[in-house]
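Me: I have a chain open in my viewer and would like a close look at a single part of it. Could you take me through how one helix packs against its neighbours?

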Amino acid sequence: MNISLSDIRMMILCEFPLSTEEIGHQYYDGEGVKKSLKEAYVWYRIAQCAGNHSVDSLVDYIDTTLTKSTCCKLSSKAKHIYTQALQH
């Protein structure tokens with residue numbers, strides 16, 4: 001799935017945090033994309049950055065599945081994407 005920073009910015013600024021959550025669900029379930037807990041985690045963390053805390057339990061679950069180091073790297077990636085999208 002190829003989503004531009006401007007698309008992410010629109011989702012965040014137009015108060016569509018569910019959009020980033022839905023992308024996370026697609027990766028989590030493998031709907032239309034290759035299933036990936038890592039990609040799901042990034043999108044769920046972006047949703048959290050945007051104020052959507054309905055994904056907290058999923059993030060907590062993935063935290064127990066992936067290594068702490070991986071989660072830290074992916075959290076940093078999500079925060080970077082979120083920050084870059086807002087500046088774009």
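Reply: Here is a walk around helix α3, from the whole chain down to single residues. Please keep in mind that this is a predicted model.

Let's start with the setting. The chain has 5 helices and 0 strands, so to speak an α-α-α-α-α order when read from the N terminus. Of its 88 residues, 38% are buried. If you take the contacts between residues at least 6 apart in sequence, 56% of them link residues at least 24 apart.

Now for the core. The largest nonpolar core holds 20 residues, and those touching the most other members are Tyr27, Tyr41, Val42, Tyr44, Ile46 and Ile62. At least two residues come from each of α2 (17-29), α3 (37-49), α4 (56-65) and α5 (68-87). Helix α3 gives the largest share, with 7 residues, and that is a good reason to look at α3 here. As background, nonpolar side chains in soluble globular proteins tend to be buried together.

A helix pair can be described by two values, the angle between the axes and the distance between them. Take α4 as the partner of α3 to begin with. Their axes come within 10 Å and cross at roughly 140 degrees. Angles over 145 degrees would count as roughly antiparallel, so α3 and α4 are oblique to each other. The crossing is left-handed. On the α3 side, the contact is formed by Leu37, Ala40, Tyr41, Tyr44, Arg45 and Gln48, and on the α4 side by Asp56, Leu58, Val59, Ile62, Asp63 and Thr65. By type, these residues comprise 7 nonpolar, 2 polar and 3 charged.

Next, turn to α5. Here the axes of α3 and α5 are 8 Å apart and the packing angle is about 50 degrees, which makes this pair oblique. The crossing of α3 with α5 is right-handed. From α3, the residues involved are Lys38, Glu39, Tyr41, Val42, Arg45, Ile46 and Cys49. They meet Thr70, Cys71, Leu74, Ser75, Lys77, Ala78, Lys79, Ile81 and Tyr82 of α5. This contact divides into 9 nonpolar, 2 polar and 5 charged residues.

Tyr41 deserves a zoom. It sits in α3 and is listed both in the contact with α4 and in the contact with α5. Its relative accessible area is 2%, so Tyr41 is buried. Setting aside neighbours within four places in sequence, Tyr41 is in contact with Val59, Ile62, Asp63, Cys71, Leu74 and Ser75. You can also try a C-alpha to C-alpha distance in your viewer: Tyr41 and Ala78 lie 8.5 Å apart in space, although 37 residues separate them in sequence.

Finally, look from α3 towards α2, using Thr20 as the guide. Thr20 belongs to helix α2 and has 0% relative accessibility, so this residue counts as buried. Beyond its neighbours within four places in sequence, Thr20 is in contact with Met11, Trp43, Ile46 and Ala47. Ile46 is a useful place to stop: besides that contact with Thr20, Ile46 takes part in the contact of α3 with α5 and is one of the core residues that touch the most other members.

Conventions. Residues numbered from 1 in each chain as written. Predicted model: local features only at pLDDT ≥ 70, side-chain atom pairs only at ≥ 80, totals over all residues. Heavy atoms only, no water. Core = buried A, V, L, I, M, F, W, Y, C linked by side-chain atoms within 4.5 Å. Buried < 20%, exposed > 50% of the residue type's maximum accessible area, 1.4 Å probe, protein only. Helix = DSSP H or I, 4+ residues; strand = E, 2+ residues; numbered from the N terminus. Axes fitted to C-alpha atoms, helices over the stretch in contact; angles between N-to-C directions. Parallel < 35°, antiparallel > 145°, perpendicular 65-115°, else oblique. Left-handed = near helix turned anticlockwise from the far one by under 90°. Contact = heavy atoms within 4.5 Å. Nonpolar A, V, L, I, M, F, W, Y, C, P; charged D, E, K, R; others polar.
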